[in-house]
Amino acid sequence: MSDTPSKAVVDARTVDFLLRNVAVKATIGSLAFVPACIIFRGRSMRCLCGGLGMGFGAGLAWTQGDLFIRRPGVVPIPRDTFTEIADARAAVAAEVAQLDVVVRKVTPPMLRRAPGPLGAERGAGHRHGLSSLPAPARSA
């Protein structure tokens, strides 16, 4: 028995998935061009920020794939990028809901927001929530 861990069986499907993961994360990292265009005036700084974003995205995906290939028993195969985004979105929504519960417990009742003038009926099937207002008088 040797102390070296067994390597994963690398087939074409696994390589295809890992390289696609690298490409998608590099593409998502290239979105760093957007804030760079807002923050910096010079073309070189914009390109530097975009390149850094692409490098970080591709490097993260490459590292995940490399760890999976070197230690398949310890590290699971990287998940699809869009699954990771959906999981992160759900986690953020749960944190916001938990924070909302904490804020409601801490906020005194007199500082809580009162319901709107139309109450709970606002927008209940009618446009702009004006269902409880009287109809305008028509002149003859």
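Ile 38 sits in helix H2, where helices are DSSP runs of H or I with at least four residues, strands are E runs of at least two, and numbering starts from the N terminus. At 70% relative accessibility, Ile 38 is exposed, given that buried means under 20% relative accessible area, exposed over 50% and partly exposed in between (1.4 Å probe, protein chains only). This is a predicted model, so local features need pLDDT of at least 70 and side-chain atom pairs count only at pLDDT 80 or more, while totals for chains, interfaces and linings use all residues. Residues are numbered from 1 along each chain as its sequence is written, and side-chain values use heavy atoms, with hydrogens and water left out.

**Overall layout**

- The chain has 4 helices and 0 strands, and reads α-α-α-α along the sequence.
- Of its 140 residues, 14% count as buried.

**The nonpolar surface patch**

- Ile 38 shares a nonpolar patch on the surface with Ile 28, Leu 31, Val 34, Ile 39, Phe 82 and Ile 85.
- Together these residues have about 740 Å² of accessible area, worked out by the Shrake-Rupley method with a 1.4 Å probe, and for residues only the protein chains shown count as cover.
- To get into a patch, a residue needs over 30% relative accessible area and no salt bridge; like charges are joined within 9 Å, and nonpolar side chains (Val, Leu, Ile, Met, Phe, Trp, Tyr) within 5 Å.
- Helix H2 (33–39) and helix H4 (81–106) each bring at least two residues to the patch, and H2 gives the most, with 3 residues.
- Ile 28 belongs to helix H1 and is partly exposed, at 37% relative accessibility.
- Ile 28 also has its C-alpha atom 8.0 Å from that of Gly 53, with the two positions 25 residues apart along the chain.

**The largest pocket**

- What lines the largest pocket? Val 15, Leu 18, Leu 19, Val 22, Ala 61, Trp 62, Gly 65, Asp 66 and Ile 69 do.
- A pocket here is an open set of points on a 1 Å grid over the protein atoms alone, with protein on both sides within 12 Å along at least five of seven lines, and lining residues have an atom within 4 Å of a point (a cavity is instead a set where a 1.4 Å probe fits but cannot get out).
- The space in this pocket comes to about 160 Å³; grid points are joined across faces, edges and corners, and the volume is the space filled by probe spheres set on the points.
- Helix H1 (12–29) and helix H3 (43–70) each supply at least two of the lining residues, with the largest share, 5 residues, coming from H3.
- By type, the lining splits into 7 nonpolar, 1 polar and 1 charged, where Ala, Val, Leu, Ile, Met, Phe, Trp, Tyr, Cys and Pro are nonpolar, Asp, Glu, Lys and Arg charged, and the others, Gly among them, polar.

**Salt bridges**

- Side chains of opposite charge can pair when their charged atoms come close.
- The count is 4 salt bridges, each being a side-chain nitrogen of Lys or Arg within 4 Å of a carboxyl oxygen of Asp or Glu.
- One of them joins Glu 84 and Lys 25, whose closest N and O atoms are 3.3 Å apart. This pair links distant parts of the chain, with Glu 84 in helix H4 and Lys 25 in helix H1, 59 residues apart.
- Is Lys 25 buried or exposed? Lys 25 is buried, at 6% relative accessible area, whereas Glu 84 is partly exposed at 22%.
- Asp 66, already met in the pocket lining, forms a salt bridge with Arg 70, with 3.0 Å between the closest N and O atoms.
- Arg 70 and Asp 66 both lie in helix H3, 4 residues apart, about one turn of the helix. Arg 70 is partly exposed at 46%, and Asp 66 is partly exposed at 30%.
- Asp 87 forms a salt bridge with Arg 79, the closest N and O atoms being 2.2 Å apart. Asp 87 is partly exposed at 37%, and Arg 79 is partly exposed at 43%.
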